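Visitor: I'd like to know what stands behind the labels people put on a model. Can you walk me through them?

Guide: Sure, have a look first.

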Amino acid sequence: GVFLDVRNVTPTGLTAVIRRYERIEGLELTCEERYTLERLEGDSRWAEVPQIAENPIYSDAVYFISNEEETEIGIDWEWLYGKLGPGTYRIRWSVYAYRDGQGNEEIPLKAQFLLAGSP
(Lines give C-alpha, C1' and ligand atoms only; values in the text may rest on other atoms or scores of the structure.)
Protein backbone atom coordinates (compact mmCIF):
# COMPACT_ATOMS: atom_id res chain seq x y z
CA GLY A 1 0.00 0.00 0.00
CA VAL A 2 1.78 3.09 -1.34
CA PHE A 3 -0.11 6.15 -2.55
CA LEU A 4 0.99 9.38 -4.27
CA ASP A 5 -0.97 12.60 -3.75
CA VAL A 6 -0.20 16.25 -4.48
CA ARG A 7 -0.68 19.47 -2.52
CA ASN A 8 0.15 23.15 -2.99
CA VAL A 9 0.01 22.96 -6.80
CA THR A 10 1.29 26.01 -8.72
CA PRO A 11 2.36 26.53 -12.37
CA THR A 12 6.00 25.98 -11.27
CA GLY A 13 5.78 23.17 -8.72
CA LEU A 14 3.92 21.23 -6.07
CA THR A 15 4.34 19.19 -2.94
CA ALA A 16 4.35 15.44 -3.58
CA VAL A 17 3.02 13.35 -0.72
CA ILE A 18 3.91 9.67 -0.67
CA ARG A 19 2.00 7.66 1.93
CA ARG A 20 2.84 4.14 2.99
CA TYR A 21 -0.20 2.42 4.46
CA GLU A 22 1.20 -0.86 5.67
CA ARG A 23 4.01 -2.00 7.90
CA ILE A 24 6.08 -4.87 6.54
CA GLU A 25 9.21 -5.69 8.51
CA GLY A 26 12.31 -5.89 6.36
CA LEU A 27 10.74 -3.94 3.47
CA GLU A 28 12.34 -0.58 2.74
CA LEU A 29 10.85 1.89 0.25
CA THR A 30 12.79 4.74 -1.33
CA CYS A 31 12.40 7.19 -4.19
CA GLU A 32 14.70 9.54 -6.04
CA GLU A 33 14.16 13.02 -7.40
CA ARG A 34 13.31 11.88 -10.95
CA TYR A 35 9.71 12.27 -12.12
CA THR A 36 7.85 12.91 -15.37
CA LEU A 37 5.01 15.34 -16.06
CA GLU A 38 2.25 14.57 -18.56
CA ARG A 39 -0.61 16.70 -19.88
CA LEU A 40 -4.04 15.40 -20.83
CA GLU A 41 -4.65 15.98 -24.54
CA GLY A 42 -8.28 15.65 -25.59
CA ASP A 43 -10.36 13.29 -23.50
CA SER A 44 -8.00 10.40 -22.89
CA ARG A 45 -4.47 10.79 -24.30
CA TRP A 46 -1.59 11.67 -21.99
CA ALA A 47 1.42 13.36 -23.60
CA GLU A 48 4.75 14.05 -21.90
CA VAL A 49 5.33 17.72 -21.17
CA PRO A 50 8.39 18.80 -23.21
CA GLN A 51 11.48 19.50 -21.12
CA ILE A 52 13.24 22.83 -21.59
CA ALA A 53 16.48 21.60 -20.00
CA GLU A 54 18.67 19.91 -22.61
CA ASN A 55 20.65 17.59 -20.34
CA PRO A 56 18.94 17.70 -16.96
CA ILE A 57 21.05 16.82 -13.95
CA TYR A 58 19.17 15.56 -10.92
CA SER A 59 20.46 15.54 -7.38
CA ASP A 60 21.50 12.28 -5.75
CA ALA A 61 18.89 12.76 -3.01
CA VAL A 62 17.15 9.59 -1.86
CA TYR A 63 13.93 9.81 0.14
CA PHE A 64 12.98 7.03 2.53
CA ILE A 65 9.27 6.23 2.80
CA SER A 66 8.58 5.38 6.44
CA ASN A 67 6.09 2.77 7.60
CA GLU A 68 2.55 4.13 8.02
CA GLU A 69 3.66 7.75 7.51
CA GLU A 70 3.62 10.49 4.88
CA THR A 71 6.75 11.72 3.17
CA GLU A 72 6.45 15.21 1.66
CA ILE A 73 8.78 16.28 -1.13
CA GLY A 74 8.76 19.81 -2.52
CA ILE A 75 9.16 19.93 -6.29
CA ASP A 76 10.11 22.98 -8.36
CA TRP A 77 9.98 22.05 -12.05
CA GLU A 78 10.45 25.49 -13.56
CA TRP A 79 14.08 24.66 -14.45
CA LEU A 80 12.99 21.43 -16.16
CA TYR A 81 9.57 22.18 -17.69
CA GLY A 82 9.12 25.94 -17.34
CA LYS A 83 5.89 27.49 -16.11
CA LEU A 84 2.92 25.27 -16.97
CA GLY A 85 -0.26 26.69 -18.49
CA PRO A 86 -3.83 25.80 -17.53
CA GLY A 87 -4.78 22.17 -18.05
CA THR A 88 -5.01 18.71 -16.54
CA TYR A 89 -1.66 17.15 -15.69
CA ARG A 90 -0.27 14.15 -13.89
CA ILE A 91 3.05 13.39 -12.31
CA ARG A 92 4.60 9.95 -12.72
CA TRP A 93 7.06 8.83 -10.11
CA SER A 94 8.57 5.55 -8.98
CA VAL A 95 9.19 4.10 -5.56
CA TYR A 96 11.69 1.27 -5.19
CA ALA A 97 11.30 -1.65 -2.78
CA TYR A 98 14.20 -3.38 -1.07
CA ARG A 99 13.53 -6.48 0.99
CA ASP A 100 16.22 -7.12 3.59
CA GLY A 101 18.62 -4.96 1.58
CA GLN A 102 18.17 -6.91 -1.66
CA GLY A 103 16.16 -6.48 -4.81
CA ASN A 104 15.00 -3.40 -6.55
CA GLU A 105 11.31 -3.72 -7.40
CA GLU A 106 9.92 -0.61 -9.07
CA ILE A 107 6.48 0.56 -7.96
CA PRO A 108 5.10 3.14 -10.42
CA LEU A 109 2.90 5.88 -8.95
CA LYS A 110 0.76 8.57 -10.62
CA ALA A 111 -1.20 11.56 -9.34
CA GLN A 112 -3.41 13.84 -11.40
CA PHE A 113 -3.83 17.59 -10.83
CA LEU A 114 -5.49 20.61 -12.45
CA LEU A 115 -4.05 24.03 -13.16
CA ALA A 116 -6.94 26.45 -13.61
CA GLY A 117 -6.85 29.74 -15.48
CA SER A 118 -7.27 31.24 -18.89
CA PRO A 119 -5.37 29.66 -21.78
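Visitor: What makes Asn8 count as exposed?

Guide: Keep in mind that this is a predicted model. Asn8 has a relative accessible area of 58%. The exposed label takes over 50%, so Asn8 is exposed at 58%. As for its place, Asn8 is found in strand β1.

Visitor: What is notable about the phi of Asn8?

Guide: Its phi is near 55°, a positive value in a residue other than glycine. Most residues other than glycine have a negative phi.

Visitor: Which side chain does Asn8 meet in a polar contact?

Guide: That of Thr15, at 3.2 Å. The limit for such a pair of N or O atoms is within 3.5 Å, so the 3.2 Å between the side chains of Thr15 and Asn8 makes the cut.

Visitor: And why is Thr15 called buried?

Guide: Thr15 has a relative accessible area of 13%. Buried means under 20%, so Thr15 qualifies with its 13%. Thr15 sits in strand β2, residues 13–20. Skipping residues up to four places away in sequence, Thr15 touches Asp5, Val6, Arg7, Asn8, Glu72, Ile73 and Gly74.

Visitor: Why can you say that β2 as a whole is largely enclosed?

Guide: Because seven of its eight residues are buried, β2 is largely enclosed by the rest of the structure. For the protein, 35% of the 119 residues count as buried.

Visitor: How do you know that β1 and β2 pair?

Guide: Pairing takes at least two bridges. β1 and β2 are joined by seven, so they count as paired, and they run antiparallel. Within that pair, Leu4 stands opposite Ile18 in β2. The two strands form a hairpin with two residues between them.

Visitor: What about β2 and β6, how many bridges do they have?

Guide: Seven bridges, in the antiparallel sense. With at least two needed, β2 and β6 therefore pair as well. Arg19 stands opposite Glu70 in β6 there.

Visitor: Where do these strands fit in the overall layout?

Guide: The protein has one helix and eight strands, and along the sequence the pattern reads β-β-β-β-β-β-α-β-β. The C-alpha atoms fill a box of roughly 50 × 30 × 25 Å along the principal axes. Among contacts with a separation of 6 or more, 68% come from residues 24 or more positions apart.

Visitor: Which residues touch the most other members of the largest nonpolar core?

Guide: Tyr35, Leu37, Trp77, Ile91, Trp93 and Phe113, out of 29 residues in that core. The elements giving two or more residues to this core are β1, β2, β3, β6, α1, β7 and β8. In soluble globular proteins, nonpolar side chains tend to be buried together.

Visitor: What does Trp93 contact?

Guide: Leaving aside neighbours within four places, the partners of Trp93 include Leu4, Ala16, Cys31, Tyr35, Ile73, Ile75 and Ile107. Trp93 also appears in the lining of the largest pocket.

Visitor: What is the volume of the largest pocket, and what lines it?

Guide: The volume is about 190 Å³. Glu32, Arg34, Tyr35, Thr36, Arg92, Trp93, Ser94, Tyr96, Pro108, Leu109 and Lys110 line this pocket. β3, β7 and β8 each supply at least two of the lining residues.

Visitor: Back to labels: what makes Ser66 partly exposed?

Guide: Ser66 is at 32% relative accessibility. That is neither under 20% nor over 50%, so Ser66 lands in between, as partly exposed. Ser66 is found in the loop between β5 and β6. Its C-alpha atom and that of Arg20 are separated by 6.8 Å, though the two residues are 46 apart along the chain. Beyond neighbours within four places, Ser66 is in contact with Arg20 and Thr71.

Visitor: Why does Ile24 get its label too, buried or partly exposed?

Guide: Ile24 has a relative accessible area of 27%. Buried would need under 20%, so Ile24 is partly exposed. Ile24 is found in the loop between β2 and β3. The C-alpha atoms of Ile24 and Glu68, 44 residues apart along the chain, are separated by 9.8 Å. Not counting residues up to four places away, Ile24 touches Asn67 and Arg99.

Notes. Residues are numbered from 1 along each chain as its sequence is written. This is a predicted model: local features need pLDDT of at least 70, side-chain atom pairs count only at pLDDT 80 or more; totals for chains, interfaces and linings use all residues. Side-chain values use heavy atoms; hydrogens and water are left out. Helices (H or I, at least four residues) and strands (E, at least two) are DSSP runs, numbered from the N terminus. Buried means under 20% relative accessible area, exposed over 50%, partly exposed in between (1.4 Å probe, protein chains only). A polar contact is a pair of N or O atoms within 3.5 Å; within protein, one must be able to donate a hydrogen and the other to accept it, and residues adjacent in sequence count only if both atoms are side-chain atoms. Contact means heavy atoms within 4.5 Å. A nonpolar core is a set of buried Ala, Val, Leu, Ile, Met, Phe, Trp, Tyr and Cys residues joined through side-chain atoms within 4.5 Å. On a 1 Å grid over the protein atoms alone, a cavity is a set of points where a 1.4 Å probe fits but cannot get out, and a pocket is an open set with protein on both sides within 12 Å along at least five of seven lines; lining residues have an atom within 4 Å of a point. Grid points are joined across faces, edges and corners, and a volume is the space filled by probe spheres set on the points.
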